[in-house]
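User: I have a model open here and would like to talk through its fold with you. Could you start with how the strands are put together?

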Amino acid sequence: MNAPINAPKLYDCRDAFAATLERLAAENETIVAVCNDSVGSSKLGGFKAKFAERLVNVGIAEQNMVGVGAGLANGGRLPFVCAAAPFLTGRSLEQIKADISYSNANVKLVGISSGMAYGELGPTHHSIEDFAWTRVLPNLPVIAPCDRIETAAAVEWAAAYNGPCFLRLSRVGVPDLLPEGHEFQLGKANLLRQGSDVTLIANGTLTHRILKAAEILAERGINARVLNLATVRPIDEDAIIAAAKETGAIVTAEEHSIFGGLGSAVAEVVVDNAPVPMKRLGVPGVYAPTGSAEFLLDEFGMAPFAIADAAQSLIRRK
């Protein structure tokens, strides 16, 4: 099927990650990449060609990989530890807790192909629990960029930040949403659209979908605010509280379980500071079936029109 006329160009955020990492590595010889036999899927081929002596491939041994990253950091290196998100987080959570978070090691964890990007490979390859697992750990910022521009900015920020962090990147193509030259600020939401009737909040691959939902709502006479909340921890409490008080209703959408993820993080702020009706869209506490990421997001009610319908229903509860 041909792409619709005037459809926006879609970009793989992994490409922006790889290009930025290569540029930073050329400027900083302490930067190293560590991976789990995932040079291709982590887009580290260019890094390997330029800095072969700075690429450590531990094979399919994710727990060991995280420990190697911590050791490299202790030795004065700046490691970016890259692996498919379900295996980086699920298999290595104890090492992330003890060797990275508790030790406050200067390691950058990069979860590739997050959410349901590996949809056709089934639930074992879906990463719909990683927000919940990582955001409870002290000292560990959790970041899910919405496009290639924010990805590049987040990688630059991570390299300059003295401490651990978790970058959650998808392989699903997304359009540009932020302006060129955007500067990433930890814990700060991006206001993508002003509105007063309801607030739509997302990050990562869902951000462009909630923007489309806002356009659908505008055609229905509903003015929706849109927030890109790339930082899940620390979360932008001020932006969330303002949204609750000024729009009176909040819808969150995420490529994650509705338990413990972005929606839960937003709800925690709302219930403590400005209770308003909320709707959390995501995977509803089940293992997602096998299918493409686009199919699965639509199946779980996160097509733009479905997000718009959810917002419109929620407004009636205000």
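Analyst: This is a predicted model, and a good place to begin is strand S1 (residues 31-35), which pairs with strand S3 (residues 78-84) in the parallel sense over 5 bridges. Within that pair, valine 32 stands opposite proline 79 in S3.

User: What order do the strands of the sheet come in?

Analyst: The sheet is an open one of 7 strands, arranged as S2-S1-S3-S4-S6-S5-S10, and its pairing is mixed. At the edges are strand S2 (55-57) and strand S10 (231-233), each of which pairs on one side only.

User: And which strands does helix H7 lie across?

Analyst: Helix H7 (residues 148-160) lies across S3, strand S4 (108-112), strand S5 (142-143) and strand S6 (165-168), and it runs at about 165° to S6.

User: Changing topic, which residues does the UniProt domain annotation cover?

Analyst: The UniProt record, an unreviewed entry, annotates residues 11-176 as "domain: Transketolase-like pyrimidine-binding". In the model that span is 42% helix and 16% strand, and its end C-alpha atoms lie 8 Å apart.

User: Zooming out, why would you call the radius of gyration in agreement with a compact globule?

Analyst: Because a compact globule of 318 residues would have a radius of gyration near 20 Å, the 19 Å found for the protein agrees with that expectation. The C-alpha trace spans about 60 × 50 × 40 Å along its principal axes, and buried residues make up 58% of the 318 residues.

User: What about the surface, how much of it belongs to carbon and sulfur atoms?

Analyst: The accessible surface comes to about 12900 Å², and 50% of it belongs to carbon and sulfur atoms.

Key. Residues are numbered from 1 along each chain as its sequence is written. This is a predicted model: local features need pLDDT of at least 70, side-chain atom pairs count only at pLDDT 80 or more; totals for chains, interfaces and linings use all residues. Side-chain values use heavy atoms; hydrogens and water are left out. Two strands pair if DSSP finds at least two bridges between them. Helices (H or I, at least four residues) and strands (E, at least two) are DSSP runs, numbered from the N terminus. Contact means heavy atoms within 4.5 Å. Axes are lines fitted to C-alpha atoms, for helices over the stretch in contact, and angles run from 0 to 180 degrees between N-to-C directions. UniProt positions are given in the numbering used here, feature names are shortened, and annotations may be inferred rather than shown by experiment. The radius of gyration is taken over C-alpha atoms; the globule rule is 2.2 Å times the number of residues to the power 0.38. Buried means under 20% relative accessible area, exposed over 50%, partly exposed in between (1.4 Å probe, protein chains only). Accessible areas come from the Shrake-Rupley method with a 1.4 Å probe; for residues, only the protein chains shown count as cover.
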